[in-house]
Amino acid sequence: MGHLFVISGPSAVGKTTIVSYLLEKHPNLSRVITCTTRPIRENEKDGIDYIFLSKEDFKKKIENNEFAEFSKVYDDYYGVLLEEIRNSMNKNKVSLLVINWEGFQKVKKFVNDNVTGIFINPPSIEELEKRIRKRNTDTEDDIQKRLLAARLDIAHSKEYDFYVDNVEVQQAANDIFGIIKKVATH
């Protein structure tokens with residue numbers, strides 16, 4: 001059985017960018033693909049970036065207890081299928097899972113062994129706001145909701161095993177890979 005590294009942090013902190021960088025530089029790592037009902041963004045691919053589901057299909061999977069964790073965020077559902085975690089951990093030495101702090105707490109209950117949490121912090125709330133605005137995908141109201149949620153996310157960072165500041169993607173990715181090497185080889 002492999003080791004699961006849960007990567008969390010506030011919206012726009014760079015979680016997906018960092019994990020993509022890690023997967024490109026270290027092909028022995030794998031990513032657990034999570035599910036969402038939000039619309040697919042430009043350059044995203046179903047089954048690679050997310051498993052994109054209709055709200056109806058997502059709710060059916062909830063009823064069938066197929067999720068290790070799920071939550072409703074900004075009117076859309078996000079979740080990780082228990083089967084996706086198990087399959088990845090059975091096939092790979094190191095699996096990466098990008099989810100929020102609530103999801104991390106739930107996943108730890110399902111997979112109590114070989115799980116390590118890494119929280120990615122922004123350099124500052126002001127820099128995080130710049131990153132959210134740069135996306136050009138949110139209304140002002142949505143931006144304010146994301147910033148409020150970011151403060152809550154950061155307040156839960158103490159629940160993680162490790163913390164990494166994302167000032168620059170390559171350095172943050174290297175810091176995370178250092179943690180993976182240290183933990184997964186012991």
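# A guided tour, strand by strand and pocket by pocket

Begin with β5 and β6, which run antiparallel and are joined by six bridges. The model on your screen is a predicted one, and the stops below should be read with that in mind. Within this pair of strands, select F67 and then L81, its bridge partner in β6. Now widen the selection to the open sheet to which these strands belong, where four strands follow the order β4-β3-β6-β5 with mixed pairing. β4 (51–52) and β5 stand at the edges, and because each has a single partner strand, one side of each is left without a neighbour in the sheet.

From here, move to I33, which you will find in the loop between β2 (29–31) and β3 (35–36). Is I33 buried or exposed? With a relative accessible area of 12%, I33 falls under the 20% cut-off and is therefore buried. To see what surrounds I33, show G47, I48, D49, Y50, I51 and E84, all of which I33 touches when residues up to four places away in sequence are not counted. I51 deserves a distance label, since its C-alpha atom is separated from that of I33 by 6.7 Å although the two residues are 18 apart along the chain.

Next, select β1 (3–8), a strand in which six of six residues are buried. Its side chains can be coloured in two sets, with H3, F5 and I7 pointing one way and L4, V6 and S8 the other, and all of them buried. On one pairing, β1 meets β7 in the parallel sense over five bridges, and there F5 has L96 as its bridge partner. β1 also pairs with β8, again in the parallel sense and over five bridges, and S8 stands opposite F119 of that strand.

F119 leads on to S157, a residue in the loop between α6 and β9 (162–165). S157 is in contact with F119, N121 and Y163, leaving aside its neighbours within four places in sequence. At 9% relative accessibility, S157 counts as buried.

Return to F5 and select the largest nonpolar core, which has 29 residues, and in which F5, L22, L96, I176 and I180 touch the most other members. Two or more residues of this core come from each of β1, α1, β7 (94–98), β8 (115–121), α5, α6 and α7 (169–184), and α7 gives the most, with eight residues. For a closer view, centre on L22, which, apart from neighbours within four places in sequence, is in contact with L29, L96, A173, I176 and F177. A second core, separate from this one and made of 17 residues, has A68, I85, L97 and I99 among its members.

Finish with the largest pocket, which holds about 1200 Å³ of space. Which residues are closest to its centre? Of the 44 residues that line this pocket, these are S11, A12, K15, T16 and R135. Then colour the elements that each supply at least two lining residues, namely α1 (15–25), β5 (67–73), β6 (76–81), α4 (101–110), α5 (125–135) and α6 (140–155). α1 gives the most to the lining, with five residues. If you colour the lining by residue class, you will find 16 nonpolar, 12 polar and 16 charged residues.

Conventions:
Residues numbered from 1 in each chain as written. Predicted model: local features only at pLDDT ≥ 70, side-chain atom pairs only at ≥ 80, totals over all residues. Heavy atoms only, no water. Buried < 20%, exposed > 50% of the residue type's maximum accessible area, 1.4 Å probe, protein only. Contact = heavy atoms within 4.5 Å. 1 Å grid on protein atoms, 1.4 Å probe; cavity = no way out; pocket = protein on both sides within 12 Å on 5 of 7 lines; lining within 4 Å. Points joined across faces, edges and corners; volume = space filled by probe spheres on them. Nonpolar A, V, L, I, M, F, W, Y, C, P; charged D, E, K, R; others polar. Core = buried A, V, L, I, M, F, W, Y, C linked by side-chain atoms within 4.5 Å. Pairing = 2+ DSSP bridges.
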